[in-house]
Amino acid sequence: MSQSGVLRPGHVCIRVLDMDEARTHYIERLGLIETDQDDQGRVYLKGWDEQDWFSVVLREADEPGMDFMGFKVRDKDTLEALAGKLEAHGCNVERIPAGELNHCGERVRFDSPTGHFFELYAEKEWKGNGLGLENPDSWQEGLKGMQVSRYDHCLLYGDDVDGTVDLFREVLGFGLTEKVVDGDLVIAAFLSCSNKAHDIALVRHPEKGKFHHASFLLNSWEEVLRAADLISMHDISLDIGPTRHGITRGRTIYFFDPSGNRNEVFCGDYTWYPDHPTITWTADNLGKAIFYHDRRLNENFLGVVT
Ligand code: M3P
Ligand code: FE
């Protein structure tokens, strides 16, 4: 948890073109569990090992992409304090009443220099991971597809990366774990509010508000390979992998949902603490930084965003 009280990425709202196809993809293939649908037709999902009611919201729309990414904070006092700090920083801050998303308390929504919308919230109903809280078993039977355990992070593309990095570091207390630089220019930044190597990442890109991927956690390299098998078994559009990133050391595979939004499933980065210095990757090592084995850049991976 960041010193300012941000706990974790708590939800992401993803736009999809066709809800039936999206349901098949996110539920049958990734293995997320459907926990609700609201009167606007939005579908609520969670990874099996998440405690709160939902972490992914799917909204049917004419264009793919991300509506917003939400972070859970420690409590209501923290929410109020951070709302004040966001306003003082110059963000446009909007209050969204409790219940606008089912099972979720009041949200504080704000914009960012890269053109993305983020929100903070302190309360969401508890759902549990199906194992109970007394003498629990270790895993759930009957999970589907890739059996992702949780929604983990997003990578977002936008123009003013420096501005959004400042916002996350100065206002929200995130640490800068890794960065990619071309001379003095920061072209990518990885930020953490926890012990993870990243809870959000940003890449410099001429257009504002773009979505590169939402990522979901697996337990092992074996599970990443099994995900690769399922991608072939069901003719899911593959992007890259299985491979390893130099940045964050994650072992990973990328693919697309039926609407063209990129997903990642991955395992294993390292434990990060707020007193760790930032790791720097230089542009001449970009191939290795992104794909540690191939050591080559990939146009599709770098260029395709929703
Ligand atoms: C990840 C990750 C890029 C690196 C991406 C890394 C686009 O997605 O989860 O570590 O440079
Ligand atoms: Fe990622």
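Me: Is Lys72 buried or exposed in this structure?
Reply: This is a predicted model, and the accessibility of Lys72 is computed from it. A residue counts as buried when its relative accessible area is under 20%. Because the relative accessibility of Lys72 is 11%, this residue counts as buried.

Me: With which residue does the side chain of Lys72 meet in a salt bridge?
Reply: Lys72 lies in strand β5, residues 65-73, and the salt bridge links this strand with the loop between β3 and β4, 20 residues apart. The partner in that loop has a relative accessible area of 9% and is therefore buried. The N to O distance in the salt bridge is 2.9 Å, and the partner of Lys72 is Asp52.

Me: How many residues apart are Lys144 and Glu28, which pair in a salt bridge?
Reply: The closest N and O atoms of Lys144 and Glu28 are 3.2 Å apart. Lys144 sits in the loop between β8 and β9, whereas Glu28 belongs to helix α1, so that the pair links distant parts of the chain, and the separation is 116 residues.

Me: Is Glu28 buried or partly exposed?
Reply: The class called partly exposed lies between the limits of under 20% for buried and over 50% for exposed. Because Glu28 has a relative accessible area of 35%, this residue is partly exposed.

Me: Which strand holds Arg95, whose side chain meets that of Glu80 in a salt bridge?
Reply: The salt bridge between Glu80 and Arg95 has an N to O distance of 2.9 Å. Glu80 is partly exposed at 39%, and Arg95 also counts as partly exposed, at 37%. Glu80 belongs to helix α2, residues 76-89, while Arg95, 15 residues apart from Glu80, lies in strand β6.

Me: Why are the buried residues of α1 on the same side of this helix?
Reply: The buried residues of α1 are Met19, Ala22, His25, Tyr26 and Ile27. They are placed on the same side of α1 because the arc that they cover around the axis is only 165 degrees.

Me: What covers the buried residues of α1?
Reply: The cover for these buried residues, which include Met19 and Ile27, is described here by the strands that it includes. Among them are β1, β2, β3, β4, β15 and β16.

Me: Which residue just after α1 takes a positive phi?
Reply: At the start of α1, a side-chain oxygen of Asp18 comes to within 3.0 Å of the backbone nitrogen of Asp20. Just after the helix, a positive phi of about 90 degrees is found at Gly31.

How values were computed:
Residues are numbered from 1 along each chain as its sequence is written. Chains are lettered from A and ligands numbered from 1 in the order in which they are written. This is a predicted model: local features need pLDDT of at least 70, side-chain atom pairs count only at pLDDT 80 or more; totals for chains, interfaces and linings use all residues. Side-chain values use heavy atoms; hydrogens and water are left out. A salt bridge is a side-chain nitrogen of Lys or Arg within 4 Å of a carboxyl oxygen of Asp or Glu. Helices (H or I, at least four residues) and strands (E, at least two) are DSSP runs, numbered from the N terminus. Buried means under 20% relative accessible area, exposed over 50%, partly exposed in between (1.4 Å probe, protein chains only). The arc is that of the directions from the helix axis to the C-beta atoms. Contact means heavy atoms within 4.5 Å. A polar contact is a pair of N or O atoms within 3.5 Å; within protein, one must be able to donate a hydrogen and the other to accept it, and residues adjacent in sequence count only if both atoms are side-chain atoms.
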